[in-house]
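Here are a few notes to read alongside the model. I hope they help you find your way around.

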Amino acid sequence: MATVVAAHRDELVDLDRMIGDGDHGENLKRGFDAVVSALDSSEVDTPANVLKLVAKTLISKVGGASGPLLGTAFLRAASGLDEVDGASVAAALRAALDGVVARGKAEVGDKTMVDALQPAVEAAEAVKDKSVAEVLAAAAAAAETGAESTIPLVARKGRASYLGERSAGHLDPGARSTSLLLRSLADSAAA
Ligand code: ADP
Ligand code: MG
Ligand code: MG
């Protein structure tokens, strides 16, 4: 995830410049760089503890709206992920979405990361009896379609909502980054 975020930093900055304040790529890069350092310097033993450390680091290092939202997503994903199989990964994604919605109150159609994450969860659940790689591949594909669906939307949550109708015609940066993060997970699981 950190590698993908670094590779797409400028793209995410440019997207956020169109409908926000132009910091999304830098926010995420700072956060995921800190995650790599934190993982390098600690002895996390279980998948749940890795996710908890990621959550804590993102919450403290990523400024802006996306930090607490993504941090909550990783924190909620951690609970219950003792064993990593298709069903538990689908459940972790569902828990992540529930956390994002509890915190940010966005629904599909509001032009946020939820437009990528919710269809990803639904696609993951539909194939949860398959392998982790298949579950994540389904989630990533649905997140990509969901992110693209934000282009015509008028933002109703977050900074982009201040633009009103002028937010239409642009890809939401948080939906784009969510699709990138899920794609990187799917690629890792397939490798
Ligand atoms: P900020 O807007 O504070 O500068 P970022 O640029 O890092 O923070 O993140 C912006 C992204 O956060 C948006 O593109 C959107 O996807 C997401 N976002 C903002 N508010 C919400 C919300 N209430 N619920 C879900 N996602 C949100
Ligand atoms: Mg921003
Ligand atoms: Mg900001």
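1. Helix H9 gives the most residues to the shell around ligand 1, namely three. This is a predicted model, so please read each point below in that light. The elements that give two or more residues to that shell are helix H3 (24–40), helix H5 (66–78), helix H6 (86–104) and helix H9 (173–190).

2. Which residues are the closest to ligand 1? They are Gly 64, Gly 104, Thr 112, Gly 158 and Gly 174, out of 24 residues that surround the ligand. By character, the shell divides into eight nonpolar, nine polar and seven charged residues.

3. H9 also has a helix partner to look at. Helix H7 (residues 114–126) packs with H9 at an angle of about 35°, and their axes are 7 Å apart. On the H7 side the contact is made by Asp 115, Ala 116, Leu 117 and Ala 120, and on the H9 side by Ala 175, Thr 178, Ser 179 and Leu 182. Five of these contact residues are nonpolar, two are polar and one is charged.

4. Now to H3, where the buried residues are His 24, Gly 25, Asn 27, Leu 28, Lys 29, Gly 31, Phe 32 and Val 35. They pack against helix H1 (2–7), helix H2 (9–19), helix H4 (47–61), H5 and H9. The 17 residues of H3 should span 24 Å at 1.5 Å a residue, and the end C-alpha atoms are indeed 24 Å apart, so the two agree.

5. For the wider view, an unreviewed UniProt entry carries the annotation "domain: DhaL" over residues 1–187. Over residues 1–187 the chain is 67% helix and 0% strand, with the end C-alpha atoms 10 Å apart.

Methods. Residues numbered from 1 in each chain as written. Chains lettered and ligands numbered in written order. Predicted model: local features only at pLDDT ≥ 70, side-chain atom pairs only at ≥ 80, totals over all residues. Near = placed C-beta within 6 Å. Helix = DSSP H or I, 4+ residues; strand = E, 2+ residues; numbered from the N terminus. Nonpolar A, V, L, I, M, F, W, Y, C, P; charged D, E, K, R; others polar. UniProt positions renumbered as here; feature names shortened; annotations may be inferred. Expected span 1.5 Å × (residues − 1). Buried ≥ 20, exposed ≤ 12 C-beta atoms within 10 Å, placed from the backbone. Contact = placed C-beta atoms within 7 Å. Axes fitted to C-alpha atoms, helices over the stretch in contact; angles between N-to-C directions.
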